[in-house]
Amino acid sequence: MSSTRWLWRSVGFGALLSTAVCAAGFAYAVNQIIFPQAASGVGTGFVGTVPAPAANEGAAAPSEPQSGQAWEAKTQIRIAALGDSLTAGTGDITGKGYVRSVRDKLEQRLGKPVYVYNNFAIPGFRTTDLLKDWEAKKDIARSISESDLVLLTIGGNDLFQGGEGIFNAPNSQAGQASKPDEANPGEGTEDRTAAPVPSGSDVQLGEAFNPQAALTRMPEALQRLEQIIDRVSKANPNARVLYVGLYHPFLDIDKDRAGAPIIQRWNTAAFEIASRYPNVTVVPTYDLFELQGSKYLYTDHFHPNQQGYERIAERIADILQ
């Protein structure tokens, strides 16, 4: 009888123990379902192999400090552009200009969506016009603040002003050709033939290239360029800002290359300004048009053609890689 009693007690104790184990297992399973992160130790100080979920996964990426790694980590690239006719794409019959070509190249190279968020460029704009437009259109600063890349061209119209003063008028006092001596025909005519007007050009070329006219405009224009770069950089310190430098569109008629050092002076000053801002880079373009310039210029003898814009876009894409 005593052995039977102990047998039933053992069976009862085993059943009770099994019930307790089942209850504990059930509670653990419920806890895993309801509180998966806490149960696995994630976010509780537990050191293990389970990775924490990415912050803001699926949401728009926040502004990131500039680095190659941050650039590669972006899920998409948004471009804001502003400036003059070069950023507007004047001269490219396809309408793409360098801005949309940069978009295409970056999308292909980075393997992620690239968008032209806004293009505020207006043909004919000078530095004064851009500063006024900035004040009038509050969405310029806002668009820049929400972009990853800012493309900018400005300054060419300040220096060249559509050729105004850059070329001495044929009958002007400064550039008037001396008349041939009646007794000695041919004297006084050396190097005084008027430069030909390019087909389709709106620039009235005069007798001689006069780069000094550009030189006198430079100091004040550079001051305004610095204001523009400062505003753009401060509007979004984490965006990559690329200022496209100037090239010499009149090299083929500037036989002495008197304009070359003046344009170089502008570009050097632009480099010095950009160096004060860690997110600003100057894109050199002078060499892209130095040889066979006419091959890469539009018929107006001033703006790039489709091939010229493609060369600028290729250089920008290379810099951003």
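Which residue in strand 4 is the bridge partner of Val 150? In this predicted model, the partner is Val 241, and the close-up views below start from that pairing.

**View 1. Strand 3 sits between strand 1 and strand 4 in an open parallel sheet.** The sheet holds five strands in the order 2-1-3-4-5. Strand 2 (114-119) and strand 5 (280-283) stand at its edges with a single partner strand each, so one side of either strand has no neighbour in the sheet. Averaged over the sheet, and with direction ignored, neighbouring strands are turned by 25 degrees against each other.

**View 2. Bridges tie strand 3 to the strands on either side of it.** Take strand 1 (residues 77-83) to begin with: five bridges join it to strand 3, and the two run parallel. Here Ile 79 has Leu 149 as its bridge partner. Turning to strand 4 (residues 240-244), four bridges link it to strand 3, again in parallel. Look for Leu 151 opposite Leu 242 in this pair.

**View 3. Strand 3 (residues 149-153) is covered on both faces.** Five of its five residues are buried. In a regular strand, side chains alternate between the two faces of the sheet. Here, Leu 149, Leu 151 and Thr 153 lie on one side, while Val 150 and Leu 152 lie on the other.

**View 4. Two helices lie across the sheet strands.** Helix 5 (residues 97-110) lies across strands 1, 2, 3 and 4, and runs at about 160 degrees to strand 2. Helix 13 lies across strands 3, 4 and 5, at about 145 degrees to strand 4.

**View 5. Helix 13 (residues 306-320) has a capped N-terminal end.** The cap is Asn 305, with a side-chain oxygen 3.1 Å from the backbone nitrogen of Gln 307. Why does the helix length agree with expectation? At 1.5 Å a residue, its 15 residues should span 21 Å, and the end C-alpha atoms are indeed 21 Å apart. Among the buried residues of this helix are Tyr 309, Ile 312, Ile 316 and Leu 320. An α-helix has 3.6 residues a turn, so residues three or four places apart point the same way.

**View 6. Leu 82 belongs to the largest nonpolar core.** That core has 42 residues, and Leu 82, Leu 225, Tyr 243 and Trp 266 touch the most other members. A second, separate core of 26 residues includes Trp 71, Val 114, Leu 151 and Leu 320. Beyond its neighbours within four places in sequence, Leu 82 is in contact with residues including Phe 120, Trp 134, Ile 144, Val 150 and Leu 152.

Note on methods: Residues numbered from 1 in each chain as written. Predicted model: local features only at pLDDT ≥ 70, side-chain atom pairs only at ≥ 80, totals over all residues. Heavy atoms only, no water. Core = buried A, V, L, I, M, F, W, Y, C linked by side-chain atoms within 4.5 Å. Buried < 20%, exposed > 50% of the residue type's maximum accessible area, 1.4 Å probe, protein only. Contact = heavy atoms within 4.5 Å. Expected span 1.5 Å × (residues − 1). Polar contact = N/O pair within 3.5 Å; in protein donor to acceptor, adjacent residues only side chain to side chain. Pairing = 2+ DSSP bridges. Axes fitted to C-alpha atoms, helices over the stretch in contact; angles between N-to-C directions.
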